Amino acid sequence: SDAIDSDFSQGIIENVLFKNILGDGLDTSGSKVSISSSGFENISDKAISVGEKSFVSMKNIEVNKSGFGFVSKDGSVVIGHNINIFNSTKADIAAYKKKSFYSGGKININNTPIENRMIFIQKGSSAIINNKKVPTISFDTAKKFY
């Protein structure tokens, strides 16, 4: 049900519109992906799910009506510029550890207005948004999101 499932791969995604997806728009595991000038609309789960030690760079991304704008989990790193997220139902941005044998996620994005300010950064993860460190909070990932 994911639009693109990138497992242990490398790639560049440019100028793509992901629309009416029942799972994730882009789901990575152990991958290195660059995504730019792309949009996500009406995504049931995560517009961009970065997991299992993936590295994803994002530029000029717009997300509207998704469960999550994007997440960084399980030792993954997300860097980005000019990310716009609107109308998320669960979170605009989240970083956490889902699988016990990984560390948390890391995020560093700039020029990113967040409409609802629904940002959840779990202790053990980190996020810098618009050059400001986001405070971490304690939560059980399974109870909060799954």
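Q: Is strand 8 (residues 91–96) largely enclosed by the rest of the structure or exposed, and how many of its residues are buried?
A: In this predicted model, a residue is called buried when its relative accessible area is under 20%. Strand 8 is largely enclosed by the rest of the structure, because the number of its six residues that are buried is six.

Q: Which strand pairs with strand 8 over five bridges, and in which sense?
A: One point of this pairing places Ser-72 opposite Ala-95 of strand 8. The partner that carries the five bridges is strand 6 (residues 55–73), and the sense of the pairing is parallel.

Q: Which residue of strand 10 stands opposite Ala-95?
A: Strand 8 is also joined to strand 10 (residues 119–121), with which it runs parallel, through three bridges. Within strand 10, the residue opposite Ala-95 is Ile-121.

Q: What is the N to O distance in the salt bridge between Lys-46 and Asp-45?
A: The two partners differ in their cover, since Lys-46 is buried at a relative accessible area of 3%, whereas Asp-45 counts as partly exposed at 23%. Their side chains meet in a salt bridge with an N to O distance of 3.2 Å.

Q: Which residue forms a salt bridge with Glu-52, and how many residues apart are the two?
A: The closest N and O atoms of Glu-52 and its partner, Lys-99, are 2.2 Å apart. This pair links distant parts of the chain, with Glu-52 in the loop between strand 5 (32–51) and strand 6, and Lys-99 in the loop between strand 8 and strand 9 (106–110). Glu-52 is buried at 17% relative accessible area, while Lys-99 is partly exposed at 30%. The partner is therefore Lys-99, and the separation is 47 residues.

Q: Is Asn-84 buried or exposed, and what is its relative accessible area?
A: Asn-84 is found in strand 7 (residues 77–86), and, with residues up to four places away in sequence not counted, it touches Ile-61, Glu-62, Val-63 and Pro-113. Asn-84 falls in the buried class because that class lies under 20%, and its relative accessible area is 17%.

Q: Which strand supplies the largest share of the largest nonpolar core?
A: This core has 29 residues, of which Ile-35, Phe-40, Ile-48, Met-58, Phe-70, Ile-93 and Ile-107 touch the most other members. Several strands, including strand 3 (17–21), strand 9 and strand 11 (126–129), each supply at least two of its residues. The largest share, seven residues, comes from strand 5.

Q: How many residues make up the other core, the one that includes Phe-68?
A: Phe-70 belongs to the largest core, and its contacts, leaving aside neighbours within four places in sequence, include Ile-48, Met-58, Val-78, Ile-93 and Ile-107. Apart from that core lies another, which has among its members Phe-68, Tyr-96, Phe-120 and Phe-145, and its number of residues is eight.

Q: What is the radius of gyration of the protein chain, and why does it agree with a compact globule?
A: The protein chain has one helix and twelve strands, and its C-alpha atoms fill a box of roughly 35 × 30 × 25 Å along the principal axes. Of its 146 residues, 49% count as buried. A compact globule of 146 residues would have a radius of gyration near 15 Å, so there is agreement with the value of the protein chain, 13 Å.

Conventions
Residues are numbered from 1 along each chain as its sequence is written. This is a predicted model: local features need pLDDT of at least 70, side-chain atom pairs count only at pLDDT 80 or more; totals for chains, interfaces and linings use all residues. Side-chain values use heavy atoms; hydrogens and water are left out. Buried means under 20% relative accessible area, exposed over 50%, partly exposed in between (1.4 Å probe, protein chains only). Helices (H or I, at least four residues) and strands (E, at least two) are DSSP runs, numbered from the N terminus. Two strands pair if DSSP finds at least two bridges between them. A salt bridge is a side-chain nitrogen of Lys or Arg within 4 Å of a carboxyl oxygen of Asp or Glu. Contact means heavy atoms within 4.5 Å. A nonpolar core is a set of buried Ala, Val, Leu, Ile, Met, Phe, Trp, Tyr and Cys residues joined through side-chain atoms within 4.5 Å. The radius of gyration is taken over C-alpha atoms; the globule rule is 2.2 Å times the number of residues to the power 0.38.
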